[in-house]
Amino acid sequence: MKVDTLLGLQWGDEGKGKVVDVLTPEYDIVARFQGGPNAGHTLEFEGQKYVLRSIPSGIFQGGKINIIGNGVVLDPALFKVEVEALEASGHDLTQRLYISKKAHLILPTHRLLDAAYEAQKGSDKIGTTGKGIGPAYTDKISRNGLRIGDIDHNFEAKYRAAIARHETILQQMNYPYDLSAVEQEWMAGLETLKRFRRIDSDHFINKALQAGQKILAEGAQGTMLDIDFGSYPFVTSSNTVCAGACTGLGVAPAKIGEVYGIFKAYCTRVGSGPFPTELLDETGQKMRDLGNEYGSVTGRPRRCGWIDLVALRYAIMVDGVTQLIMMKSDVLDSFDTIKACVAYQIDGKETEDFPFEIGENLRPVYVELPGWQTDMTKMQSENEFPEEFNAYLSFLEETLGVQIRIVSVGPDREQTIILNDN
Ligand code: GDP
Ligand code: IMO
Ligand code: MG
């Protein structure tokens with residue numbers, strides 16, 4: 001068996017959580033492989049709405065194992081909040097949520113360092129989610145990190161040494177902080193975390209594959225936020241691309257199966273950084289209002305714009321996407337014209353390749369397509385699709401060179417249409 005992966009192709013918030021939940025019945029195991037509580041994955045079903053940050057989105061489909069993989073960074077304090085919210089709504093997790101011993105811990109001082117570095121950058125700030133992601137991955141790469149497996153091995157001494165090191169940096173930066181309150185929450189979180197099975201997830205996953213089990217790897221963030229391939233430095237600190245599933249789970253490249261690439265029918269971004277097709281006018285505001293484009297973690301308004309096929313093609317290339325999933329089509333239901341960026345003009349020269357840097361000298365080149373102006377939110381099958389919507393799908397498939405297999409027409413689990421092979 002192989003590991004299928006589901007990856008965001010834009011700047012995050014494409015709707016990964018919803019689709020993972022929809023696909024989970026086809027799988028035995030769902031695993032997160034990178035990122036941490038900077039993610040906010042929203043699921044809606046049976047009139048309830050849930051936002052998951054560190055827990056995989058396969059948790060609501062009965063009887064499936066969910067794994068927090070080695071590539072993830074985990075904050076016990078936020079994990080506790082998430083676990084308690086799910087348990088309060090009647091979902092017992094302890095039997096089906098396992099955590100990799102090799103996943104790294106986000107310490108309370110990582111969050112403080114995140115804030116301190118952002119403050120130091122001033123107007124050049126990344127606009128991080130403030131969850132300590134960058135500092136936690138920095139410690140991992142500089143070989144100073146603490147892992148879940150360390151909880152059982154001389155933890156107190158390792159923890160104190162790391163905190164002392166971080167406090168020195170905070171003091172050198174003259175950053176005012178109060179550790180005691182966050183530390184208390186963090187320690188309480190650690191107790192919650194200890195209730196869960198901590199596993200050698202690399203062995204577990206490979207044995208499951210050998211035994212014929214089906215695994216879905218759930219990406220967080222999106223390809224344009226990848227540390228290597230995203231719009232650096234305005235990116236997150238992990239590999240969000242398909243290869244991240246190999247390193248974040250311990251799965252060999254040859255064991256990767258389908259690569260589901262998920263995108264919105266338009267485009268959004270939270271935080272700072274270039275966004276070639278951003279709309280700062282009433283059209284962008286209309287997308288924000290209709291799409292309820294406010295961050296599920298921070299509540300920040302998301303920046304909105306037309307779909308960017310230059311960036312999407314690039315993401316498809318580095319991820320090796322085999323099937324596309326288009327989300328939030330319904331948000332464009334009332335638009336009379338839809339634009340799609342097919343190339344960039346840089347200093348007057350047209351290119352279809354995503355460039356090293358996106359600056360003031362870049363202009364998106366658009367094609368315009370007629371809108372479908374039909375409420376699609378109650379549609380059940382592709383037979384009901386308006387002609388203009390089919391034309392939009394065909395145009396995207398042709399430009400991107402990959403088939404669209406799923407179309408989402410609303411936030412609910414039920415508002416998902418699987419397309420037939422054609
Ligand atoms: P994720 O981080 O990729 O899981 O995405 P988020 O949950 O952060 O953001 C996607 C938002 O869009 C959530 O509020 C979802 O409930 C919502 N959503 C998902 N699919 C659709 C859709 O097809 N139509 C609409 N209108 N909303 C959707
Ligand atoms: P999901 O999984 C959208 C963005 C932040 C910021 C940059 C770095 O819900 O799609 P970080 O806290 O990671 O150091 O922030 O990345 N960012 C996201 N944007 N969706 C996400 O996750 C994001 N996770 C991080 O806004 O610009
Ligand atoms: Mg999100």
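This section describes aromatic pairs and charge-over-ring contacts in a predicted model.

The structure contains 15 aromatic pairs. In one of them, the ring centres of W372 and F389 are separated by 4.8 Å and the ring planes meet at 80°, so the arrangement is edge-to-face. W372 is located in the loop between strand 18 (362-370) and helix 11 (387-400), whereas F389 belongs to helix 11; the pair therefore ties together parts that are 17 residues apart in sequence. With a relative accessibility of 4%, W372 counts as buried. F389 has a relative accessibility of 0% and likewise counts as buried, since the cut-off for this class is under 20%.

W372 also takes part in an aromatic pair with Y392. For W372 and Y392 the centre-to-centre distance is 5.7 Å and the angle between the planes is 40°, and the pair is tilted. This contact links distant parts of the chain, with W372 in the loop between strand 18 and helix 11 and Y392 in helix 11, 20 residues apart. W372 and Y392 are both buried. Together with F385, the residues W372, F389 and Y392 make up one aromatic cluster.

Contacts between charged side chains and aromatic rings were also identified, including those of R413 and K339. The charged end of R413 is placed over the ring of F45, at 3.8 Å from the centre of that ring. K339 lies over the face of Y366, and its distance from the ring centre is 5.3 Å.

Methods:
Residues are numbered from 1 along each chain as its sequence is written. Chains are lettered from A and ligands numbered from 1 in the order in which they are written. This is a predicted model: local features need pLDDT of at least 70, side-chain atom pairs count only at pLDDT 80 or more; totals for chains, interfaces and linings use all residues. Side-chain values use heavy atoms; hydrogens and water are left out. Rings of Phe, Tyr and Trp (its six-membered ring) pair if their centres lie within 6.5 Å; planes under 30 degrees apart count as stacked, over 60 as edge-to-face and the rest as tilted. Helices (H or I, at least four residues) and strands (E, at least two) are DSSP runs, numbered from the N terminus. Buried means under 20% relative accessible area, exposed over 50%, partly exposed in between (1.4 Å probe, protein chains only). A charge sits over a ring if NZ of Lys or CZ of Arg is within 6 Å of the ring centre and within 35 degrees of the ring normal.
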